[in-house]
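Let's walk through this one together, with a few questions about the ligand site and the backbone. Take a look at the structure first.

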Amino acid sequence: MWEHRMEPRSEHRLKWAGILGTGISLPGNIFTNHDLEKMVDTSDEWIIKRTGIRERRIIDKDKPLHQLGIEAAEKALLSAGIGSEELDLIIVATDTPDYLTPSMACLVQRGLSARNAAAFDLNAACTGFIYSLAVADNFIRTGYYSYVLIVCCESLSRVVDWKDRSTCVLFGDAAAAVVVGPVDGNLGIISTCLGAEGNLGHNITIPCCYISEEDLEKRSGERKMTLWMDGSEVFKFAVGIMAFATEKIVMDSGLSMDDIKLIIPHQANIRILDGAAKRLGLSENMVYSNIHKYGNISSASIPVALNEAVEDGRVALGDNIVLVGFGGGLTWGAALLRWAK
Ligand code: COA
């Protein structure tokens with residue numbers, strides 16, 4: 001279905017960029033499957049069996065999402081040993097910004113007093129972290145910028161229809177951040193690849209300033225600007241693209257699957273991870289999963305998992321790891337990192 005196109009080779013880079021520090025911030029409010037049983041016609045058993053999710057975090061009603069992002073960013077800066085005034089650029093990847101303007105990135109810049117940083121938001125839905133990493137890598141490898149902060153934050157609880165059992169059980173809220181900066185040659189971000197299938201975009205929609213008649217009809221609740229998804233269409237796309245993108249990024253990097261220590265995929269459904277792993281002939285312990293704790297937290301999913309994998313000692317200096325994701329748009333992407341910290 002997807003054609004393999006070689007990405008620009010890494011020899012062309014002037015500099016190497018890598019992740020210097022990570023941080024996360026999770027809402028304290030834990031919402032379990034049993035809590036959902038009281039709201040919609042569902043069961044703990046169904047949700048665990050069909051998705052792998054046991055609980056998710058929900059942001060406080062009066063807390064702005066960018067505040068969660070700032071908390072994650074402060075931890076990432078501390079872990080990188082970088083002061084906020086050293087940042088050249090802040091990218092916030094999100095599907096659920098507090099405001100369209102000011103952008104989340106400007107709100108984070110203000111909160112961090114990162115006065116030397118340019119700032120913009122990037123929307124690639126659940127693939128937002130991979131897209132942002134590719135942007136940061138290209139700014140740094142050309143020498144244009146030295147330090148880029150990526151913040152991925154999501155408050156999906158604010159856009160789901162809490163009466164729609166086919167979607168409300170799946171999503172959660174969270175923030176994660178990484179600082180990307182210069183590293184020694186042959187370490188850090190080895191390659192990235194990005195893709196989009198706009199013709200399939202109608203399968204996940206969150207309207208904003210406009211909604212078409214067709215999308216209006218799909219929503220039965222009173223609130224119309226909510227998330228709607230055709231789960232089985234997205235599922236089919238997800239399994240295929242996760243396997244394809246993983247193989248592609250390993251090949252683009254001039255490596256084989258045997259060289260890979262860990263795969264950290266977007267956490268949308270445990271059956272998608274198992275399906276992709278099966279296609280690739282990978283053992284379960286090569287594929288990181290924490291979906292049981294957080295559900296689908298969109299762009300924050302991969303960087304939260306990465307932060308955990310590092311803290312759990314699953315990633316060490318020099319290890320090759322694959323980050324791979326897909327999401328609304330539809331979008332997809334992968335990155336191969338040789339851990340540089
Ligand atoms: N609790 C109980 N039953 C539910 C339910 C819930 N929360 N949600 C749906 N069902 C029911 C359906 O109504 C259907 O009932 P029916 O057979 O009587 O019609 C049955 O369960 C099967 O529904 P189906 O949609 O076929 O389930 P599924 O096994 O495909 O799982 C998803 C649904 C959404 C979990 C799955 O399709 C999925 O994960 N898709 C990918 C979504 C994704 O990755 N999105 C994020 C993109 S970044």
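Q: This is a predicted model, so let's start with the ligand: which helix supplies the largest share of the shell around the ligand?
A: The model is indeed a predicted one. Five elements, α2 (44–51), α6 (165–168), α8 (231–252), α9 (270–280) and β12 (320–327), each bring at least two residues to the shell around the ligand. With 4 residues, the largest share comes from α8.

Q: How do the residues of that shell divide into nonpolar, polar and charged?
A: There are 24 residues around the ligand, and Thr-42, Arg-50, Arg-165, Gly-231 and Asn-269 come nearest. Domain 1 (16–185) and domain 2 (189–338) each contribute at least three residues to the shell. The division is 11 nonpolar, 9 polar and 4 charged.

Q: How much of the ligand's accessible area does the protein cover, and which polar side-chain atoms lie by its oxygen atoms?
A: Arg-165 places a polar side-chain atom 2.9 Å from a ligand oxygen, and Arg-271 has one 3.0 Å from a ligand oxygen. On its own the ligand has 960 Å² of accessible area, and the protein's cover amounts to 70%.

Q: Is His-266 buried or exposed?
A: His-266 sits in the loop between β11 (262–265) and α9. Its contacts beyond four places in sequence include Cys-126, Met-242, Leu-273 and Phe-326. Its relative accessibility is 1%, and because buried means under 20%, His-266 counts as buried.

Q: Which residue shares a polar side-chain contact with His-266?
A: Ser-298, Ser-301 and Ile-302 are among the residues in contact with His-266. The polar contact between side chains has a length of 3.1 Å, and the partner of His-266 is Ser-301.

Q: What is omega for the cis peptide bond between Gly-329 and Leu-330?
A: Most peptide bonds are trans. A cis bond joins Thr-101 and Pro-102, with omega about 0°, and Pro-102 lies in the loop between β4 (89–93) and α4 (104–112). Leu-330 belongs to the loop between β12 and β13 (331–338). For the cis bond between Gly-329 and Leu-330, omega is about -15°.

Q: Where is Ala-125, and is Ala-125 buried or exposed?
A: Most residues other than glycine have a negative phi. Ala-125 has a positive phi near 50°, and its place is the loop between β5 and α5 (128–141). Its relative accessible area is 6%, so Ala-125 is buried.

Q: What is the relative accessibility of Ser-113?
A: Ser-113 has a positive phi of about 55° without being a glycine. Its loop runs between α4 and β5 (118–122). Ser-113 counts as partly exposed because its relative accessibility is 47%.

Methods. Residues numbered from 1 in each chain as written. Predicted model: local features only at pLDDT ≥ 70, side-chain atom pairs only at ≥ 80, totals over all residues. Heavy atoms only, no water. Near = heavy atom within 4 Å. Polar contact = N/O pair within 3.5 Å; in protein donor to acceptor, adjacent residues only side chain to side chain. Areas by Shrake-Rupley, 256 points an atom, 1.4 Å probe, with all protein chains shown as cover. Nonpolar A, V, L, I, M, F, W, Y, C, P; charged D, E, K, R; others polar. Domains from an automatic or database assignment. Buried < 20%, exposed > 50% of the residue type's maximum accessible area, 1.4 Å probe, protein only. Contact = heavy atoms within 4.5 Å.
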